Amino acid sequence: MVQWTDFERQTIQSIFGKMDYDDVGPAALSRCLIVYPWTQRYFGNFGNLSNAAAIQGNPKVAAHGKTVLQGLVRAVKNMDDIKANFTELSVLHSDKLRVDPDNFRLLADCLTIVVAARMGAAFTADVQGAFQKFLAIVVCSLCRQYH
């Protein structure tokens, strides 16, 4: 079980409480698909992903980006047992969809960049540390190889 400090809990809850999901989710997933084009192989039914403009304007990418953030909200609400709350998603992504676990890390990095850009100077080293700890726990909870 993960131990959270009061600062970490408050920071994570604050970030997600202030986040514009319609902006951040699509921006993070778009960034991942653009910077790491091999991740597109899991989104073959999303239509045109041929260039950055197509990806950023793709409504299916935007919708899935919001879905990802809603999953993270579930983790925020269940910080003391993220692994148990993500079991079903882990099975889906690893067993059915066969998503490479490294893709979760790449998306987490892209999400960190987007959040940092949105928060500006408020995204201090301590805030980043708490945010990345949270994302690392989520990523490990999604990767069945770590169960």
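Rings of Phe, Tyr and Trp, the last taken by its six-membered ring, count as a pair if their centres lie within 6.5 Å, and a pair is stacked with planes under 30 degrees apart, edge-to-face over 60 and tilted for the rest. A search of the whole structure with this rule finds 6 aromatic pairs.

The structure on screen is a predicted model, in which local features need pLDDT of at least 70 and side-chain atom pairs count only at pLDDT 80 or more, while totals for chains, interfaces and linings use all residues. Residues are numbered from 1 along each chain as its sequence is written, and side-chain values use heavy atoms, with hydrogens and water left out.

**First stop: F16 and F131.** Select these two residues, whose ring centres are 6.1 Å apart with planes at 35°, so the pair is tilted. F16 belongs to helix α1 (residues 6-18) and F131 to helix α8 (residues 125-142), so the pair ties together parts that are 115 residues apart in sequence; helices here are DSSP runs of H or I with at least four residues, numbered from the N terminus. F16 is buried at a relative accessible area of 4%, and F131 is buried at 0%, where buried means under 20% relative accessible area, exposed over 50% and partly exposed in between, for a 1.4 Å probe and protein chains only.

Add F123, which forms an edge-to-face pair with F131, at 6.2 Å centre to centre and 75° between the planes. F123 also counts as buried, at 12% relative accessibility. Selecting W4 and F134 as well completes one aromatic cluster, made up of W4, F16, F123, F131 and F134.

**Next: T11.** Staying in helix α1, select T11, which is buried at 9% relative accessible area. Leaving aside neighbours within four places in sequence, T11 is in contact with V127 and A130, contact meaning heavy atoms within 4.5 Å.

**Last stop: helix α4.** Show α1 and α4 together: their axes come within 10 Å and cross at roughly 145°, the axes being lines fitted to C-alpha atoms over the stretch in contact, with angles from 0 to 180 degrees between N-to-C directions. The residues making this contact are I12, Q13 and F16 of α1 and L72, V73 and V76 of α4. L72, V73 and V76 are also among the buried residues of α4, which include V61, G65 and L69.

To check the length of α4 (residues 59-77), place a distance between its end C-alpha atoms: they are 27 Å apart, which agrees with the 27 Å that its 19 residues should span at 1.5 Å a residue, the expected span being 1.5 Å times one less than the number of residues.

Notes: Helix = DSSP H or I, 4+ residues; strand = E, 2+ residues; numbered from the N terminus.
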